[in-house]
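Colleague: I am new to this structure and would like a close look at a single part of it. Could you pick one long helix, take me through it slowly, and then place it among the other features?

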Amino acid sequence: MSQVDRLRGSAPGKRHNARTVAALTANPGCTRRAVLDAAGVDKVRLAERIGFPGAFGQSRFALARGNAFEAMLKADDCALLRSTLGAYVGGYEDLGADEDDTLSARHTRTRALLRSGAEGLLDHPLLTLDVAGQTVFLEPDLIAYQNGSQLQVVEIKSFAIIDGQADGTAVSAAAVQAAVYVLALRRLLGDERVSHDVVLVCPENFSLQPVAVVLDVRKQLSTLKRQLSRLESVSSLIESLPASLSFDLAQPVDALVTSLDALTARYAPECLSACEMSVFCRDEAAGRTEVLGRPVREALGGIETVDEVLALASGVREPKPDQAEAAALLRAAQRLRDEAL
């Protein structure tokens with residue numbers, strides 16, 4: 001049995017999807033998450049088992065709105081979507097129409113259609129991407145295949161674009177997810193055939209009237225490729241871990257927590273919206289500067305705890321040589337606070 005299997009225990013490996021692959025880019029410096037993801041550990045069940053379940057994800061109302069918006073766009077062979085996209089011509093092929101298709105059969109049909117060079121819209125395509133040695137199946141909302149000289153990914157989202165502006169966090173998440181699809185397409189067909197510009201289709205203002213905007217995902221692609229490479233290199237780290245380390249959910253909670261303690265985490269408040277282990281890591285990091293966010297942690301480099309910060313700010317404690325600059329900032333902030341109060 002390999003060390004990866006020993007880490008995971010008796011549970012089957014957790015398969016990634018586009019959302020989980022996109023989430024890998026949220027905290028690339030976290031060894032704990034990298035090891036758990038590379039080993040295929042089910043982090044949702046692990047967090048529940050140790051008493052720190054996560055509380056994030058789309059509400060059922062958001063899911064219902066999203067499904068209704070997508071169904072409206074794709075009705076009548078994507079008539080409304082075609083009108084929104086404007087420049088897209090050619091046929092329409094729905095690869096999800098045949099429910100009896102196996103995943104491999106759908107992937108084969110997707111690959112054949114994409115390589116044919118025909119123009120049009122491809123619905124429910126199936127792509128693959130290698131993540132830490134496992135094949136992940138991905139299903140984009142749409143691919144505008146052979147639009148001019150390049151393929152483009154069309155991503156449908158239900159958050160609104162109001163007066164030309166949308167929630168930055170939602171747009172960022174959509175861009176990373178679209179980058180996952182672009183990377184999978186490029187590994188199938190080559191970089192020159194797949195555009196780094198993706199089309200995001202959302203409701204406009206407070207209606208369900210769709211609007212299309214173009215996102216450049218080159219930055220997200222670079223981050224994604226770095227993190228996938230890092231996951232592959234994590235396999236050597238996994239092999240070096242003690243044989244006693246295990247995340248088998250059949251173990252007592254104390255043993256699971258001890259195993260988690262052996263992996264260095266890099267908690268930040270943003271983890272709460274991206275990682276299933278974030279509630280546990282937040283509790284573990286209580287009293288440390290990392291709970292205040294990455295900008296604070298980086299500004300206070302070398303000062304690990306909130307108690308140290310308060311002691312340096314008040315002058316109760318003299319700074320070490322490498323803490324002198326941060327201590328000067330803290331004392332200035334303390335003086336301004338005292339004057340304001």
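Modeller: Let us take helix 8, and keep in mind throughout that this is a predicted model. To set the scene, the protein has 13 helices and eight strands, and its C-alpha trace spans about 75 × 55 × 40 Å along the principal axes. Of its 341 residues, 43% are buried.

Helix 8 covers residues 218-240, which makes 23 residues, and at 1.5 Å a residue these should span 33 Å; the C-alpha atoms at its ends are 34 Å apart, so the expected and the computed span agree. The helix does have a bend, of about 30 degrees, and the bend is placed at Ser-233. As for what is hidden from the surface, the buried residues of helix 8 are Gln-220, Leu-221, Leu-224, Gln-227, Leu-228, Leu-231, Val-234 and Ile-238. Ser-222, which also belongs to helix 8, has a relative accessible area of 36%, and since a residue counts as buried under 20% and as exposed over 50%, Ser-222 is partly exposed. Ser-222 also gives us a link to another stretch of the chain, for its C-alpha atom is 9.7 Å from that of Leu-183, a residue 39 positions away in sequence.

With the helix described, we can turn to its surroundings in the wider model, beginning with the aromatic rings. The structure holds one aromatic pair. Its members are Phe-52 and Phe-280, whose ring centres are 5.5 Å apart and whose planes meet at 75 degrees, so the pair is edge-to-face. Phe-52 sits in the loop between helix 4 (43-49) and helix 5 (60-85), whereas Phe-280 belongs to helix 10 (residues 278-284), and the pair therefore ties together parts that are 228 residues apart in sequence. The two partners fall into separate accessibility classes: Phe-52 is partly exposed at a relative accessible area of 22%, while Phe-280, at 5%, counts as buried.

Helix 5, which follows the loop of Phe-52, brings us to a point about the backbone. Most residues other than glycine have a negative phi. Cys-78, however, has a positive phi, near 65 degrees, and this residue is placed in helix 5. With a relative accessible area of 0%, Cys-78 is buried. A positive phi is also found at His-124, where the value is near 55 degrees, but His-124 lies in a loop, the one joining strand 2 (120-123) and strand 3 (127-131). His-124 is partly exposed, its relative accessible area being 23%.

Finally, there is the question of enclosed space. Searching the whole structure gives one cavity of 30 Å³ or more, and its volume is about 50 Å³. The lining of this cavity is made by Arg-8, Ala-11, Pro-12, Gly-40, Val-41, Asp-42, Arg-45, Phe-247 and Leu-249, and by class these are five nonpolar, one polar and three charged residues. Among the lining residues, Arg-45 falls within the range of helix 4 (43-49), the helix that comes before the loop of Phe-52.

Methods:
Residues are numbered from 1 along each chain as its sequence is written. This is a predicted model: local features need pLDDT of at least 70, side-chain atom pairs count only at pLDDT 80 or more; totals for chains, interfaces and linings use all residues. Side-chain values use heavy atoms; hydrogens and water are left out. On a 1 Å grid over the protein atoms alone, a cavity is a set of points where a 1.4 Å probe fits but cannot get out, and a pocket is an open set with protein on both sides within 12 Å along at least five of seven lines; lining residues have an atom within 4 Å of a point. Grid points are joined across faces, edges and corners, and a volume is the space filled by probe spheres set on the points. Ala, Val, Leu, Ile, Met, Phe, Trp, Tyr, Cys and Pro count as nonpolar, Asp, Glu, Lys and Arg as charged, and the others, Gly among them, as polar. Rings of Phe, Tyr and Trp (its six-membered ring) pair if their centres lie within 6.5 Å; planes under 30 degrees apart count as stacked, over 60 as edge-to-face and the rest as tilted. Helices (H or I, at least four residues) and strands (E, at least two) are DSSP runs, numbered from the N terminus. Buried means under 20% relative accessible area, exposed over 50%, partly exposed in between (1.4 Å probe, protein chains only). The expected span of a helix is 1.5 Å times one less than its number of residues. The bend at a residue is the angle between axes fitted to the seven residues ending there and the seven starting there.
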